[in-house]
Amino acid sequence: MPDTPNYSWPPMETRKVIGKPYKRVDGPQKASGRAKYSSDYNAKGLLIAAYLTSPHAHARVTKIDTREAEDSAGVKAVHVIAPAGAEIQWEGAEIAAVAATTEEAAQEATRKIKVEYEVLPHVVNEADLSKVGTRAKAAGERLRGDPDKGFQEAEAVSEGTYGIPVVTHCCLEPHGQVIQWQGDQVNVWPSVQYVSGYAGSLAPNLKVPVANIHVRMDYIGGGFGSKFTPDAWGIAGAELSKKAGGAPVKLFLERATEQMIAGNRPSAYAKIKVGGKKDGTITAWQSESWATGGVGGGGMPPIPYVFTEIPNVRLNHSAVSINAGAQRAWRAPNNQQASYLTCSAIEDFAAKIGMDPSEVILKNAGYTPRADTYRYQVQKAVEISEWKKYWHPRGDSGSGTVKRGLGMGINNWGGAGHQSQCRTTINPDGSVVVEIGTQDLGTGTKTIIIQVAAETLGLPFNAVKLVTGTNDLPPDGSSGGSTTVGGVSSSTRKASVNALVKLFDAVAPSLSAPADQLEAVDGRVRVKSNPAKSLTWQEACRKMGTSKISETGTNEQRNPMGLNTSGASGVQIADVSVDTETGIVKMNRFVAVQDCGMIINPRLAESQIFGAIIMGISTALFEKRVLDDQTGRMLNPDMEFYKLAGIDDIGNIMVHLDIRPEMDKRGVIGLGEPPAVGICAAVGNAVANAIGVRVPTMPMTPRHVLNALEERKA
Amino acid sequence: MSSKKDSAPDKAKSGFSRRGFIRGVGIGTSTLSTGLLEREAAAAPSTAKTAGPGPVPITLQINGKPMNLTVEPRVTLIDALRNHLDHTGAKKVCDRATCGACTVIMDGKSVYSCTVLAIDAQGKKIETIEGLATGNNIHPISAAFVNNDAQQCGYCTSGFVMATKDFLDHNPNPTLEEAKHGLCGNLCRCGTYVGMRQAVLEAAKTIKGGKRA
Amino acid sequence: MLSFEYANPATLKEASGMLGANWGETEVLAGGTDLLSMMKEYLETPKRVVNLKSIKELEGIRKTSAGLRIGALVSIDELATHAEVRSGYKAIAEAAAGIPSPQIRHMGTAGGDLCQRPRCWYYRRGFGLLAMKDGKSLVPNGENEYHSIFGDGPAYFVSASSLGPALVALGAKVKLVSARGSRELDVAEFFVSPKSADERETALRPDEILTEILVPSPPTHTATYEVRQKEALDWPLATASVALHMRGATVSSARVVLGHVAPTPWAAPEAEKLLAGKNITPEVAEEAGKAAVADAKPLSQNRYKVQLAKVAVKRALLQAVKGRA
């Protein structure tokens, strides 16, 4: 046996399970309502908890009295989170939590907690930089080349202002958990994107050994980057449980609180100047940007996005601190904002020189890290969308009141696998169990793990039993940054190969062949050179005697051994119709060309892209967190005026996965983030193309569109 | 369930047992303080046919079965289902009659169960997603959602399935446009609408095909 | 939600006897789509909730010699699908159809649509119906993109009613019943713009129940056009309901009423005057739209709604005459 078995993926043409569109394995459980999410757990003796939160955006708690709440009917525990003296930095911040025998009693009791505040001055909006005073912190100028000279020599210069507001994650299952703290043992059922790491984050807060914290999560109702840690509610829930004598406590956020404190994507605004030649070559970029992600301010999106080699660049950025809930990672953090700012500015430059923006992107592809890929993708997207037929010079869209336009956006993301360990067990009866401490956010993680194990062991899909979702399993990384599929597929591949090697050792004598000359195909173990010489899988496993084979495999993030890799890019085109009398933008079509490495399950991969695009369309057309300057309050902490796209709001979506063999050879790449990146860019550009004027601020609401049209007239 | 794998995670070897987490009817109702009853009961003089404000016994007809529980009049149907009857298929998401995740069918019409009082639902035929499957076979609508990958995280799915059931009960031969319009009372955050559109059409065909009455 | 006593009367008489003289003590519950949300936000904290849904007298759509009698409990769905409403009262059917959520249409009632409280987000976040803080309205300098574009305050919310504008355009009345007796009121007078914090947005008194809507036989040409951004459940940004009495192809008299642009359904008499004696052409419809918004006083963020109201009028007029005898 060689020291290191061959872990490489089987060649495309021999794959039997990988690459096939299996239906998601937990689909029937979810579609029948039987899937038990953490928020569904009803423990014996369960208490339900509710939060009291701050109505002020900035204040100091001067007095808090919980006596009446403690005496309230049904109340079993009250836990103060913000004691007298605590400074509150945003509306919705946690003041106290109450656990009671019923949800109604808990909610009612929170209103009996008497809190006095010293109200402090707040700033809650950043769109107008002139109004934020000292809350803006300049990050210092960044230079590349000689932008002044670049602009002097430019044959054309375009300028524009662009903005994308703060939006909220709005996971349908709110943040929270059921938690039970008895003695030095903690059982917890959280809604979290990091099952294996949850206990490690919680332990120091509770001063309980990590090993005593038992985490279990079978299903999660959305995360999108906002659910990595136990958060304050994890700790509050534990404290309530302890105070209530170890009763399990369910604490999930109410929607309004969820909208205020449990996740938002930072804004990004910028004044951008682009200079270049009349042939479309961009030579200079200058931007003054600002952003907020809450009290901590907001970092500069990576602009110019993708076109990182533009020779002359000047960047200035201000981080604006506002009194609002803290930002959390959102599906390709800061990339969506960067793509929007960059692609909008490039489109405006193209309009300035009267050129087709797809040609300008092609012309400047050399500035990108993956020029050939982008060239291929632009051409493919142009072809699929019939761009040449439907695109027209800006504003030249006929005499009717409804104008059609096309716009382009681009994306790029890493997506290499995270650190991951898997254990594959082969039992003497032939049954196979794969264990891994991961979570399936709805991406299809459970399904693709089974596919990899089945492929590796030469077994059918339904021969593999999978166990996930607890922290006593082999550890897996957090599901963020599109790192899960690369991580779990690689660790599963390695664990399963390792187990198979052991099985071959046990079987080799019976087949009179060296172990390294065996292969597992179609439910049989056979000799490579003589496939007729074989045993069924069950016969082979019986050769193990009575002891099972149980092997682990690890995806080392730093050495993925070619199983997974980083770097997926894509080009997207939006096709919209704008009613210029009402400013209503309707999606006609959306085309996505996406490079994705080796696809384990095309059905699920496609769903990821559909999902990313639909979420992006929702943000492009409807979503905006509204905070009121005068009161510091969020005015739409709901799903009514915080608007999400419905089933009839998204048009038709066409996905082209770039699965050419040279792409497949790159290995597995995460696909959750990249297709989510370019949608605001594409939609905004399509609207500009349709109506002939840039609508500077997302989302593309009637208000923004009509204002832009009116300003053009004026 | 159609696949063995579906139940795999349930049998996970974890540090603690799931079994302890499954409970019977009526959590907390017996322990609810009588102080609440007495204090509030004085508030309004009693007239004919009044109940509460303290807990009152009610009966709900859920999926053809009468279920008894004791709740205050302020308890909504979604909370009665989830907190008192362990029917957790319907989800509480917006809790303000907007998102549809709590959709159940009442007397043959889809409603937002977050915005129905449990006490008000007495005497109505309530269909929840738990009543759709027959034995081990999931309902054709659920199957169509699986077949068309019309779900990701799955938290909106129960509501969409019930909204689809109501829609198809009244529109057995929908066009794509009608299907889109018929599900305008539900929201999904993962973006599964493409599959859903196909699922509704597929389910319509399957149901018409005589697999269901 | 705070606890309350639940009453389930079977007759109107019984129900009327359960209501008190002051707001805040008792609420009547029909579809619940608004009331329960208000109670969850503690904006309504009644001691008693009187369910109306067991009262048969409040059900049903009935044709009368004078027109149509719509019971307060008639659901939005019944209205949107009722053959008589669809054929003869298009402005109402189209207004009902503008509520896209089947669930809301199943639950929501005609009476509830008229009695629902405004959706002003300052109101819903606890700043009162007039959105006051320190004696000043928060709306004019605040986030007012969805607020009113007509009137002089102090109310800046928009009436949330979908049916109101159509009912005003058709000259409908509502019947209000209390233990003291009953009264009929033009829908146009039912909606009021409150002048102080202790007034409400309707003429309904605390002890009254809206029992039915009486719609006179309408003219042949009526329509409602709604500007709504989302196809899925969403509030309209502006609507217009029109009712045209025609002599041949010529308008003899017109009613034009805007929705979601003022604290009440907002009649547009200038547009009505302009339409009299004209044929509805795109140009005339455009002019009527302009006339309808001539008095608009948009706030800092909602100038766009003036355009939307104008377009709604234009499109409602064209819809009213399109393909209709």
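Start by selecting helix α15 of chain A, residues 602-621. In this predicted model, 18 of the 20 residues of α15(A) are buried, so the helix is largely enclosed by the rest of the structure. Now put a distance label between the C-alpha atoms at its two ends: they are 28 Å apart, in agreement with the 28 Å that 20 residues should span at 1.5 Å a residue.

Stay in chain A and pick strand β22, residues 464-468. Is this strand mostly covered or mostly open? It is mostly covered, with five of its five residues buried. Show the side chains and look at the two faces in turn. In a regular strand, side chains alternate between the two faces of the sheet. For β22(A), one side carries A:V464, A:L466 and A:T468, the other A:K465 and A:V467, and all of these are buried.

Next, add strand β21 of chain A, residues 432-436. β21(A) pairs with β22(A) in the parallel sense, over five bridges. To see one of them, select A:I436, whose bridge partner in β22(A) is A:T468. Then bring in helix α12 of chain A, residues 445-457. Together, β21(A), α12(A) and β22(A) form a right-handed β-α-β unit.

Time to switch to chain C. Colour it by secondary structure and you will find 13 helices and 14 strands. Its C-alpha atoms fill a box of roughly 55 × 50 × 35 Å along the principal axes. The radius of gyration of chain C is 19 Å, which agrees with the value near 20 Å for a compact globule of 325 residues. Of those 325 residues, 62% are buried. If you draw a contact map for chain C, counting contacts between residues at least 6 apart in sequence, 65% of them join residues at least 24 apart.

Finally, display chain B beside chain C. The contact takes 29 residues from chain C and 37 residues from chain B. Which elements of chain C give two or more residues to this side? They are β1 (5-7), α2 (35-40), β3 (48-51) and α6 (102-107). Select α6(C) for the biggest share: it gives the most, with five residues. Colour this side of chain C by class and you get 14 nonpolar, nine polar and six charged residues.

For a last stop, zoom in on strand β1 of chain B, residues 50-51, which pairs with β1(C) in the antiparallel sense over two bridges. Select B:T50 and look across the chain boundary: its bridge partner in β1(C) is C:A7.

Note on methods
Residues are numbered from 1 along each chain as its sequence is written. Chains are lettered from A and ligands numbered from 1 in the order in which they are written. This is a predicted model: local features need pLDDT of at least 70, side-chain atom pairs count only at pLDDT 80 or more; totals for chains, interfaces and linings use all residues. Helices (H or I, at least four residues) and strands (E, at least two) are DSSP runs, numbered from the N terminus. The expected span of a helix is 1.5 Å times one less than its number of residues. A residue is buried if 20 or more other C-beta atoms lie within 10 Å of its own, exposed if 12 or fewer, and partly exposed in between; C-beta atoms are placed from the backbone. The radius of gyration is taken over C-alpha atoms; the globule rule is 2.2 Å times the number of residues to the power 0.38. Two residues are in contact if their C-beta atoms, placed from the backbone, lie within 7 Å. Ala, Val, Leu, Ile, Met, Phe, Trp, Tyr, Cys and Pro count as nonpolar, Asp, Glu, Lys and Arg as charged, and the others, Gly among them, as polar. Two strands pair if DSSP finds at least two bridges between them. A crossover is right-handed if, with the strands pointing away from the viewer, the path from the first strand over the helix to the second runs clockwise.
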